[in-house]
Amino acid sequence: MSWGTELWDQFDNLEKHTQWGIDILEKYIKFVKERTEIELSYAKQLRNLSKKYQPKKNSKDEEEYRYTACQAFLSTLNETNDYAGQHEVISETMTSQITVELARYVQELKQERKSYFHDGRKAQQHIETCWKQLESSKRRFERDCKEADRAQQYFEKMDADINVTKADVEKARQQAQIRHQMAKDSKADYSSILQKFNHEQHEYYHTHIPNIFQKIQEMEERRIVKIGKSLKKYAELDQEVIPIIGKCLDGIVKAADSIDQKNDSQLVIEAYKSGFEPPGDIEFEDYTQPMKRTVSDNSLSNSRGEGKPELKFGGKSKGKLWPFIKKNKLSLKLGATPEDFSNLPPEQRRKRLQQKVDELNKEMQKEMDQRDAITKMKDVYLKNPQMGDPASLDHKLTEVNQNIEKLRVEAQKFEAWLAEVEGILPARGEQARRQSGMYDTQNPPAINSCAQDRESPDGSYTEEQSQESEVKVLATDFDDEFDDEEPLPAIGTCKALYTFEGQNEGTISVVEGETLYVIEEDKGDGWTRIRRSEDEEGYVPTSYVEVYLDKNAKGAKTYI
């Protein structure tokens with residue numbers, strides 16, 4: 001089955017058919033392109049939907065996600081976001097593996113088709129030219145034969161006429177002979193051209209056209225195979241993401257299964273438990289007896305009069321107000337929150353105080369890390385004066401120590417309130433020693449003679465500020481090794497945890513979050529040598545960066 005033998009006379013129809021095939025391919029490309037746009041739009045809408053319902057930072061919604069049902073909903077939002085990512089993958093892969101590839105193939109196909117039909121038209125023009133030559137020689141042969149017949153008839157007429165001179169007869173005879181010769185030559189020419197035409201026609205219909213049509217057939221079959229492969233790829237790209245989409249859906253199911261109604265109920269208790277004991281029975285007041293009425297110690301009316309016994313709960317606090325006393329209601333309405341959270345029920349107050357203590361300790365630890373880094377830098381300057389002036393760091397060190405002392409005093413104050421709520425009130429000196437355990441051993445002890453806690457009428461506490469402490473600089477060893485002859489190779493990367501102003505010789509400034517190359521590890525002196533570019537390198541405090549060494553160097557990620 002060959003187009004060259006079966007469709008030898010369908011040149012124009014084949015030209016239309018192949019153009020139709022290209023149109024079909026371009027239509028499929030357009031279809032896939034619109035599908036990718038739909039996938040991108042769908043993924044964008046899913047991401048926006050997921051983002052819309054994500055909890056806002058530092059908001060009430062964030063606290064609600066402690067509950068397992070809300071956590072499951074948050075997991076659903078995250079899985080939906082991942083689900084959207086798979087639709088983006090479908091769009092990207094379809095664009096690169098189908099749309100772009102087929103667009104390039106269509107251009108190549110058009111050029112190939114144009115070349116084949118150009119050759120076909122050239123062969124057609126050649127055979128048409130041969131046919132015109134054959135027709136021309138045939139008409140000339142026919143004309144010459146007719147002229148020869150007329151000349152022969154004229155000669156015979158002249159020869160039979162007795163009145164014609166012999167010269168005229170001879171002239172007619174010669175003219176007849178010339179015409180016969182011309183007819184004979186035209187016949188030979190016509191015969192030659194006919195043979196040549198028959199040969200060209202045979203070559204055209206049995207060689208040239210079959211070869212051209214065969215190439216066009218192969219081209220068309222490749223197009224059909226190509227579109228079939230593209231359709232298959234179209235389905236495979238969807239199938240590739242189905243397992244991942246299935247994992248996203250499995251994650252949603254797993255999140256739903258993880259919902260624990262009992263745990264959520266317990267969280268409600270922890271969130272709203274006041275810690276108060278329910279009121280006891282109200283004693284009967286006998287108005288018939290001529291005696292002074294007494295009021296029960298646990299009567300709700302106790303708080304309305306002065307000089308009457310105050311309410312107690314658990315024996316842990318003295319003079320505490322019930323949550324529904326007018327004073328607390330007024331404070332809540334005015335939005336005034338005491339520093340010690342005394343407006344809250346005991347259990348909620350304990351949680352808020354504990355949270356505040358943790359925040360202060362975290363800030364204090366950060367300041368202490370910064371102090372250690374400055375101290376190490378000062379030690380380096382003492383060992384290597386050419387790198388910088390140690391006195392230039394005194395102001396910064398003093399400022400950090402003041403911040404640490406302020407945070408320590410603040411933490412002690414909140415720990416005292418926390419201890420009061422918990423019923424465990426350690427000596428102030430013990431608290432100071434527990435806090436000072438985080439400092440260097442050579443730090444002068446902080447004044448532990450803090451004023452006794454005094455409860456003001458509004459439930460707040462006051463205490464004296466302790467004196468500032470000074471930090472002695474500890475000397476450390478540091479080897480100042482610089483190799484300016486050739487750059488050292490990078491042995492890993494690092495990320496700046498804090499901003500460092502490298503104003504002295506040998507140091508380099510970094511910005512928090514910046515990624516740089518590590519060219520020399522910390523040798524125990526507290527400094528790491530890094531590089532930003534070929535001409536910009538220097539030392540930074542090791543505690544200011546998070547180092548990631550290459551496997552061929554250390555083989556592990558190091559956090560300092």
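This note goes through a predicted model of one protein chain, point by point.

1. Overall make-up. The protein chain has 560 residues, and 35% of them count as buried. Its secondary structure consists of 10 helices and 10 strands.

2. Contacts and surface. Take the contacts in the protein chain with a separation of 6 or more: 70% of them involve residues 24 or more positions apart. The area that the protein chain exposes is about 35900 Å², and 51% of this is supplied by carbon and sulfur atoms.

3. Confidence. For the protein chain, the mean pLDDT is 78, and 78% of the residues reach 70 or more. Among the elements, helix α2 (residues 11–52) has the highest mean pLDDT, at 94. The lowest, 36, belongs to strand β3 (residues 454–455), so a reader who looks at that strand should keep its value in view, because pLDDT is the predictor's confidence in each residue.

4. Stretches under 50. Over residues 291–334 the pLDDT stays under 50, and the model has 54 contacts beyond four places in sequence for this stretch. Residues 554–560 also have a pLDDT below 50, with 18 contacts in the model beyond near neighbours in sequence.

5. Helix α4. This helix covers residues 68–160, which is 93 residues. From its first C-alpha to its last it reaches 134 Å, close to the 138 Å expected at 1.5 Å a residue. Where does α4 bend, and by how much? The bend is at T95 and is about 40°.

6. Cysteines. The structure holds 0 disulfides. Two cysteines can be described by their accessibility. C130 has a relative accessibility of 6% and therefore counts as buried, since the cut-off for buried is under 20%. C70, with a relative accessible area of 24%, is partly exposed, because this value lies between the limits of 20% and 50%. Both residue numbers fall within the range of α4, residues 68–160.

7. P489. This proline is found in the loop between β4 (461–462) and β5 (492–496). Is P489 buried or exposed? It is exposed, because its relative accessible area is 61% and the cut-off for exposed is over 50%. P489 nevertheless touches V518 and I519, leaving aside residues up to four places away in sequence. R531 lies 42 residues from P489 along the chain, and the C-alpha atoms of the two are separated by 9.8 Å.

Technical notes:
Residues numbered from 1 in each chain as written. Predicted model: local features only at pLDDT ≥ 70, side-chain atom pairs only at ≥ 80, totals over all residues. Heavy atoms only, no water. Helix = DSSP H or I, 4+ residues; strand = E, 2+ residues; numbered from the N terminus. Buried < 20%, exposed > 50% of the residue type's maximum accessible area, 1.4 Å probe, protein only. Contact = heavy atoms within 4.5 Å. Expected span 1.5 Å × (residues − 1). Bend = angle between axes of the 7 residues up to and from the residue. Disulfide = S-S within 2.5 Å. Areas by Shrake-Rupley, 256 points an atom, 1.4 Å probe, with all protein chains shown as cover. pLDDT = per-residue confidence, 0-100.
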